[in-house]
Amino acid sequence: MIFAAKLKNLVVAGLIGVGVLLGASQQAGAVTFPFENIPGAGVAGDAYAGNFSLNVTDLGSGNVLFQIVSAAAPALNYFIRTIFVDDTSPSAFTTLPSANDQSHSVGTVNMTRSSGGNLPQGNNVGFSTEFNFNRVPGSANANAIQQSETGGFVFGVSGSFASIISALTSGELRFGIHLQGLPGGASDSFVNSVTPVPLPAAGILLIGALGGLGFAARRKKRMAA
């Protein structure tokens, strides 16, 4: 009975601990959304959609960081020239950055906010641009988001971090990117998926914790027998 009580307490404590870790991971770590091809549109960049992601992080104090990440693709010379935002919530934002935040960007990214113009091919998915961030003109498009670079943008939000994630998963808030410099001088566009990338590390942690508790219980039972 004593062992059973101790085991019960151990299980409860373990589950609480794992729950806290999982909650902290989702709160403090970035929630990542992949980008998808736009159905019925150009196919020049379809093979590269998986090279881009949208990371969303709660900075606290009513601020949320949105990062557009471009993975390395050494054999190619493409770049993200423009980021488009479709916000139909209505506006989830209290403040908008005029440019990318250098402390949350990687590389030589230099983009500025503007209005006008819709995401190319965006009409196929009902994408209506509220504003965009376009690369500042520079030599060889150096200020765009190149391979292995990240453009970070800090927004003031009117609701909670959870409400922003909800808007992204419902499609009320969407980010689109326009890719240029594809083979043959082609370009293509993508829009973020409404399904975030799972948290594999958190899942492994949970499975490991539960497995460890089960092993301990079986070992104690064999010793008692």
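User: When do two strands count as paired in a sheet?

Analyst: Two strands pair if DSSP finds at least two bridges between them. This model is predicted. Its 10 strands form an open sheet, paired in the antiparallel sense. The order across the sheet is β5-β8-β3-β2-β1-β10-β9-β4-β7-β6.

User: Which strands stand at the edges?

Analyst: β5 (93–95) and β6 (111–114) do. Each has a single partner strand, so one side of each is left without a neighbour in the sheet. From one strand to the next, the twist averages 30°.

User: What does one pairing look like, say that of β4 and β7?

Analyst: Strand β4 covers residues 79–87, and strand β7 covers residues 131–135. They run antiparallel and share 4 bridges. Take T82: its bridge partner in β7 is N134.

User: Which strands does helix α2 touch?

Analyst: Helix α2 (residues 161–170) packs on the sheet. It touches β1 (31–37), β2 (52–60), β3 (63–70), β5, β8 (150–157), β9 (173–182) and β10 (186–192). The direction of α2 makes about 160° with that of β2.

User: In what pattern do helices and strands follow along the sequence?

Analyst: Read the chain as α-β-β-β-β-β-β-β-β-α-β-β-α. That gives 3 helices and 10 strands.

User: What share of the contacts joins residues 24 or more positions apart?

Analyst: Count the contacts with a separation of 6 or more. Residues 24 or more positions apart account for 74% of them.

User: And how much of the chain is buried?

Analyst: Buried means under 20% relative accessible area. Of the 225 residues here, 36% are buried. The chain exposes about 11,200 Å², and carbon and sulfur atoms supply 60% of that area.

Conventions. Residues numbered from 1 in each chain as written. Predicted model: local features only at pLDDT ≥ 70, side-chain atom pairs only at ≥ 80, totals over all residues. Heavy atoms only, no water. Helix = DSSP H or I, 4+ residues; strand = E, 2+ residues; numbered from the N terminus. Buried < 20%, exposed > 50% of the residue type's maximum accessible area, 1.4 Å probe, protein only. Contact = heavy atoms within 4.5 Å. Areas by Shrake-Rupley, 256 points an atom, 1.4 Å probe, with all protein chains shown as cover. Axes fitted to C-alpha atoms, helices over the stretch in contact; angles between N-to-C directions.
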